[in-house]
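Welcome! Take a moment to look over the sequence and the 3D view, and then we can walk through the structure together.

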Amino acid sequence: MIADLELTRALPELFLAVASMGLLMLGVFHKKGTADTTLWPSVGVLTLALFLLWFQTESAGLAFNGLFVTDGFATFMKSLVLIGAIGAMFLSLRYVAEQGMDRFEFPVLLVLSSLGMLMMISASNLMSLYVG
């Protein structure tokens, strides 16, 4: 029961980790290989992670033996990170195409960097900050 509660506190992060691996496999096995193949699924993944974050039912608290913090401030900052990542994806798409860097890895890298930022926001000590 306690382990389930701890996993649900980190549900947006877990979802982003699993979905980013799926996005990476989608880009690798797709024949086209441009950023368009993973852009819209990446936006969908980030949006779904934002909704998972907003609709968490747990109150503020610690998880994973005190290494992971969930509270109102962490939720607010994570929301800013996810909204900023979605905005950065849209703003940089034309520039990436003009510079010839139009690869499928770009949206996946943005999703993975967002995951790292979410982990760093919820870090309660230096060990979990290092993992993020």
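## The overall build

This model is predicted, and in it the protein has six helices and two strands. If you follow the chain from the N terminus, the elements come in the order α-α-α-β-β-α-α-α. The two strands therefore sit between three helices on one side and three on the other in that order.

How does the overall spread fit the chain length? The protein has 132 residues, for which a compact globule would have a radius of gyration near 14 Å; the value here is 16 Å, which agrees. Along the principal axes, the C-alpha atoms fill a box of roughly 45 × 25 × 25 Å.

## Inside and outside

Of the 132 residues, 35% count as buried. The accessible surface of the protein is about 7,700 Å², and 73% of that belongs to carbon and sulfur atoms.

The chain also meets itself across long stretches of sequence. Among contacts with a separation of 6 or more, 79% are between residues 24 or more positions apart.

## Charges and their partners

The protein carries 6 positive and 9 negative side chains. The centres of these two sets are 10 Å apart. Side chains of opposite charge can pair when their charged atoms come close. How many salt bridges does a search of the whole structure find? The search turns up two.

One of them joins the side chains of Lys 78 and Glu 13, with 2.6 Å from N to O. Lys 78 belongs to helix α4 (residues 72-98) and Glu 13 to helix α2 (residues 11-29), so this pair ties together parts that are 65 residues apart in sequence. Lys 78 and Glu 13 are both buried. The other salt bridge is between Arg 94 and Glu 98, whose closest N and O atoms are 3.3 Å apart. Both of these residues lie in helix α4, four residues apart, which is about one turn of the helix. Arg 94 is exposed, with a relative accessible area of 64%, and Glu 98 is exposed as well, at 54%.

## A buried charge without a bridge

Now look at the loop between α4 and α5 (105-121), where you will find Asp 102. Which side chain of opposite charge is nearest to Asp 102? It is Arg 103, 7.0 Å away, and Asp 102 has no salt bridge although it is buried. With a cut-off of 4 Å between side-chain nitrogen and carboxyl oxygen, a salt bridge needs a closer approach of these atoms.

What surrounds Asp 102? Beyond its neighbours within four places in sequence, Asp 102 is in contact with Gly 33, Thr 34, Ala 35, Val 96 and Ala 97.

## Two more residues to find

Thr 37 is part of helix α3 (residues 35-54). Is Thr 37 buried or exposed? Its relative accessible area is 12%, so Thr 37 is buried, the cut-off being under 20%. Not counting residues up to four places away in sequence, Thr 37 touches Leu 26, His 30, Lys 32 and Phe 104.

Finally, turn to Leu 129 in helix α6 (residues 126-131). Leu 129 is partly exposed, with a relative accessible area of 36%. Outside its neighbours within four places in sequence, Leu 129 is in contact with Met 120 and Ala 123. Try locating Gly 100 too: Leu 129 and Gly 100 are 29 residues apart in sequence, and their C-alpha atoms are 35 Å apart in space.

Methods. Residues are numbered from 1 along each chain as its sequence is written. This is a predicted model: local features need pLDDT of at least 70, side-chain atom pairs count only at pLDDT 80 or more; totals for chains, interfaces and linings use all residues. Side-chain values use heavy atoms; hydrogens and water are left out. The radius of gyration is taken over C-alpha atoms; the globule rule is 2.2 Å times the number of residues to the power 0.38. Buried means under 20% relative accessible area, exposed over 50%, partly exposed in between (1.4 Å probe, protein chains only). Contact means heavy atoms within 4.5 Å. Accessible areas come from the Shrake-Rupley method with a 1.4 Å probe; for residues, only the protein chains shown count as cover. Lys and Arg count as positive and Asp and Glu as negative; His and the chain ends are not counted. The place of a charge is taken as NZ of Lys, CZ of Arg, CG of Asp or CD of Glu.
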